[in-house]
Amino acid sequence: MASFRNAALLAFLLPAALLGGALIGQYGFGLYPCEMCMWQRWPHLAAIILAVLALILRDRSAALFLVIAAAIAILVSGLIGGYHAGVEYGWWEGLTSCATNVPTGGDMLDSIMNAPLTRCDVAPWTLFDISLAGFNFLLSASGAVLILVMLAKRRKDAGHV
């Protein structure tokens, strides 16, 4: 039981921390996301919603399904991050287009011309030569595997009782 709750909490906290960090980087430090950065955010948002539902549901089988789905969503975000990191490191070619964040209101042409251009093949920030997309891959993939292992351990322990 505790193992399930811990897995569900991890399925909530990990994507919440990663998505929160991405938003802080964007709005607090001007690290504007490219298109592939945005792709990584959607599965994290889905995982947060799934994990919250799992934590509040009374039906254990439905909650288990939701935590597994959240782990898969986290893994999907990590795999997108891994692909994106490969593009940033030049291991393979990614998108040929770039993304921009155009604020609404005012003169639209001025907004478009003055909006920051964000390339998918350039890491805006690194630590130990690992980009944000690389960190998303490392944390999300390992976190998703950990969640699934915790659920499998719970099931194994329940089978031996």
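**Group meeting talk: a walk through a helical model**

Hi everyone. Of the 161 residues in this protein, 33% count as buried. Please keep in mind throughout that we are looking at a predicted model.

Let me start with the overall layout. The secondary structure comes to 5 helices and 4 strands. If you read along the sequence, the order is α-α-α-β-α-β-β-β-α. As for how the chain comes together, take the contacts with a separation of 6 or more: 73% of them are between residues 24 or more positions apart.

Now to the inside. The largest nonpolar core holds 19 residues, and the ones with the most contacts inside it are Ala7, Ala11, Val67, Ile74, Ile147 and Leu151. Four helices each put in at least two residues: α1, spanning 2-29, α2, spanning 35-56, α3, spanning 60-88, and α5, spanning 132-160. Which helix gives the most to this core? That would be α3, with 7 residues.

Valine 67 is a nice place to stand and look around. Setting aside neighbours within four places in sequence, valine 67 is in contact with Phe4, Ala7, Ala8 and Ala11, with Ala54, and with Ile147 and Leu151. Of those partners, Ala7, Ala11, Ile147 and Leu151 are also on the list of residues with the most contacts inside the core.

Let's move on to two polar residues of helix α2. The first one I'd like you to find is glutamine 40, which lies in that helix. Is glutamine 40 buried or exposed? Its relative accessible area is 7%, under the 20% cut-off, so glutamine 40 is buried. What does its side chain do there? A polar contact of 2.9 Å joins it to the side chain of histidine 84. Around glutamine 40, leaving out neighbours within four places in sequence, you will find Ser77, Ile80, Gly81, His84, Ala133 and Asn136 in contact.

The second is histidine 44, again in α2. Histidine 44 is buried because its relative accessible area is 3%, under the 20% cut-off. Its side chain has a polar partner as well: serine 140, side chain to side chain, at 3.4 Å. Beyond four places in sequence, histidine 44 is in contact with Pro15, Leu18, Leu19, Ile74, Ser77, Asn136 and Ser140. If you have both residues on screen, notice Ser77 and Asn136, which are in contact with glutamine 40 and with histidine 44.

While we are around here, have a look at glycine 143, which sits in helix α5. At 9% relative accessible area, under the 20% cut-off, glycine 143 is therefore buried. Not counting residues up to four places away in sequence, glycine 143 touches Leu10 and Leu14. Its C-alpha atom is 7.7 Å from that of isoleucine 74, although the two are 69 residues apart along the chain.

Next, the pocket. The largest one encloses about 510 Å³ of space. Its lining has 25 residues, and Leu18, Gly21, Ala22, Leu132 and Ala133 lie nearest the centre. Where does that lining come from? Helices α1, α2, α3 and α5 each supply at least two residues, and α1 has the largest share, with 9. By class, the lining breaks down into 16 nonpolar, 7 polar and 2 charged residues. Two of the residues nearest the centre, Leu18 and Ala133, have come up already: Leu18 as a contact of histidine 44, and Ala133 as a contact of glutamine 40.

Last stop: the loops. Tyrosine 89 is in the loop between α3 and β1, the strand at 99-100. With a relative accessible area of 30%, between the 20% and 50% cut-offs, tyrosine 89 is partly exposed. Leaving aside neighbours within four places in sequence, its contacts are Asp129, Ile130 and Ser131. The side chain of tyrosine 89 reaches the backbone nitrogen of serine 131 at 2.9 Å. The C-alpha atoms of that pair are separated by 8.9 Å, with their positions 42 residues apart along the chain.

That takes us to aspartate 129, in the loop between β3, at 126-127, and β4, at 130-131. What is unusual about its backbone? Most residues other than glycine have a negative phi. Aspartate 129 is not a glycine, yet its phi is positive, at about 65°. Aspartate 129 is also exposed, because its relative accessible area is 60%, over the 50% cut-off.

That's my tour. Thanks for listening, and I'm happy to take questions.

Methods:
Residues are numbered from 1 along each chain as its sequence is written. This is a predicted model: local features need pLDDT of at least 70, side-chain atom pairs count only at pLDDT 80 or more; totals for chains, interfaces and linings use all residues. Side-chain values use heavy atoms; hydrogens and water are left out. A nonpolar core is a set of buried Ala, Val, Leu, Ile, Met, Phe, Trp, Tyr and Cys residues joined through side-chain atoms within 4.5 Å. Buried means under 20% relative accessible area, exposed over 50%, partly exposed in between (1.4 Å probe, protein chains only). Contact means heavy atoms within 4.5 Å. A polar contact is a pair of N or O atoms within 3.5 Å; within protein, one must be able to donate a hydrogen and the other to accept it, and residues adjacent in sequence count only if both atoms are side-chain atoms. On a 1 Å grid over the protein atoms alone, a cavity is a set of points where a 1.4 Å probe fits but cannot get out, and a pocket is an open set with protein on both sides within 12 Å along at least five of seven lines; lining residues have an atom within 4 Å of a point. Grid points are joined across faces, edges and corners, and a volume is the space filled by probe spheres set on the points. Ala, Val, Leu, Ile, Met, Phe, Trp, Tyr, Cys and Pro count as nonpolar, Asp, Glu, Lys and Arg as charged, and the others, Gly among them, as polar.
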